[in-house]
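New to this one? Here's a quick tour of a few spots worth finding as you turn the structure around.

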Amino acid sequence: MPFIDLKQQYQTLKPQIQERINRVLDHGQYIMGPEVREMEARLEQFTSAKHCISVASGTEALLICLMALGIKPGDEVITTPFTFAATVEVITLLGARPIYVDIDAGTCNIDASLIEAAITPRTRAIMPVGLYGQVADMDEINAIASRHGDLAVIEDGAQSFGATYKGRKSGNLSTFGCTSFFPSKPLGCYGDGGAIFTSDDALAQACREIRVHGQSKRYVHTRIGVGGRMDTLQCAIVLAKLERFEWEVEQRKELGKKYAELIRESGCTGVELLGLKDDRDCVWAQYTVKVDAREKIQAGLLEAGIPTAIHYPIPMHLQPAYADPAQPSFPVAEAMGKRVMSLPMSADISEADQREVVRHLAKLAG
Ligand SMILES: Cc1ncc(COP(=O)(O)O)c(C=O)c1O
């Protein structure tokens, strides 16, 4: 059984994907071709954000947002230590300092009630992450940001794209929303890609310029930028995948519920489900549960032909490249790093496979 099944999705969408790719090969505008703007417009419609700016990856999306905000050495950006490295990497790349705030033990997202205590005169932005596909407490975070001199809020929605928070879409919940089109993400392409969402005209313009080496027009470099474009072929693939994305989002939510139901029905007490909040849904970029004796369970599942993964074993404050002696310990993130385990998940996983996973999991976890 694959950990993420992208082959079935390709088989279903093969004619649309091939037609879209062929169209790009025929017109030959590989960089900034018409599919780039077409995809951005479709995603503006999908999220209701005023602007979508496609970029080379999810990492680039986060970096360009911070650059557009003018984040510089000496600035502080508050974020979670329990995330993929990219969230923290971009802060550090600009010479700014990531300030970690521990996570909520239920949802594994940043604990909004701890953020205010981490704010200093140097704080410039807050970067929550919608881990596993469930958006963080964005209303509380936006309220804290506006109480403290309009700090920027950048939602890292690489895993939560497609999810809904109080009726609004991930990506359109704060100053900026960012996502990744890495192939295994809820909305993936066939390589690297990402997008920035904002409803602020000036910030959108800054991002568009930074994406193309800071050019306000050809060979006029108004600001420092990067080579951050998403290529036309990848945008064409996203356009084809958008044809069934809404179905996939619904499917992912249902499959998440099915996993939870099967685990509860199994009667096993050794598996703790992720904490979910009523006012938002989860698109399950990863179907992650919490277990003890994880290594033994993983080995047993692998023996039964069931792959698993850990998102993520070592929180950022314990990573050699990002450790900060002034921020030595975040106990909840550390505890979760030892317990989380992700099960096979994709929009096309069959109920038979889910049952098989849970049958073995329940036996091993007890
Ligand atoms: C939470 C989070 N942020 C950022 C990224 C970076 O996205 P990309 O791989 O497209 O650069 C990822 C992707 O793995 C992610 O999971």
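Let's start with a pair of helices: α2 and α7 are oblique to each other, because their axes cross at roughly 40°, and angles between 35 and 65 degrees fall outside both the roughly parallel and the roughly perpendicular ranges. Keep in mind that this is a predicted model.

**The α2 and α7 pair**
- Helix α2 covers residues 34-47 and helix α7 covers residues 232-241, and their axes come within 8 Å.
- If you're checking the hand of the crossing, it's left-handed.
- On the α2 side, the contact is made by E35, V36, E38, M39 and R42.
- On the α7 side, T232, C235, A236, V238 and L239 do the job.
- Sorted by class, that contact has 6 nonpolar, 1 polar and 3 charged residues.

**Around the ligand**
- The ligand has 16 residues surrounding it, and the closest are G58, T59, D156, S180 and K185.
- G58 uses its backbone: one of its polar backbone atoms is 2.8 Å from an oxygen atom of the ligand.
- S180 uses its side chain, where an N or O atom is 2.7 Å from a ligand oxygen.
- K185 also has a side-chain N or O atom by a ligand oxygen, at 2.8 Å.

**Backbone oddities in the loops**
- Look for a cis peptide bond from H311 to Y312, with omega near 10°.
- Y312 is in the loop between α9 (294-303) and α10 (331-339).
- M32 isn't a glycine, yet its phi is positive, near 55°.
- You'll find M32 in the loop between α1 (7-27) and α2.

Note on methods
Residues are numbered from 1 along each chain as its sequence is written. This is a predicted model: local features need pLDDT of at least 70, side-chain atom pairs count only at pLDDT 80 or more; totals for chains, interfaces and linings use all residues. Side-chain values use heavy atoms; hydrogens and water are left out. Axes are lines fitted to C-alpha atoms, for helices over the stretch in contact, and angles run from 0 to 180 degrees between N-to-C directions. Helices (H or I, at least four residues) and strands (E, at least two) are DSSP runs, numbered from the N terminus. Angles under 35 degrees count as roughly parallel, over 145 as roughly antiparallel, 65 to 115 as roughly perpendicular and the rest as oblique. A crossing is left-handed if the near helix is turned anticlockwise from the far one by less than a right angle, and right-handed if clockwise. Contact means heavy atoms within 4.5 Å. Ala, Val, Leu, Ile, Met, Phe, Trp, Tyr, Cys and Pro count as nonpolar, Asp, Glu, Lys and Arg as charged, and the others, Gly among them, as polar. A residue is near a molecule or strand if one of its heavy atoms lies within 4 Å of it. A polar contact is a pair of N or O atoms within 3.5 Å; within protein, one must be able to donate a hydrogen and the other to accept it, and residues adjacent in sequence count only if both atoms are side-chain atoms.
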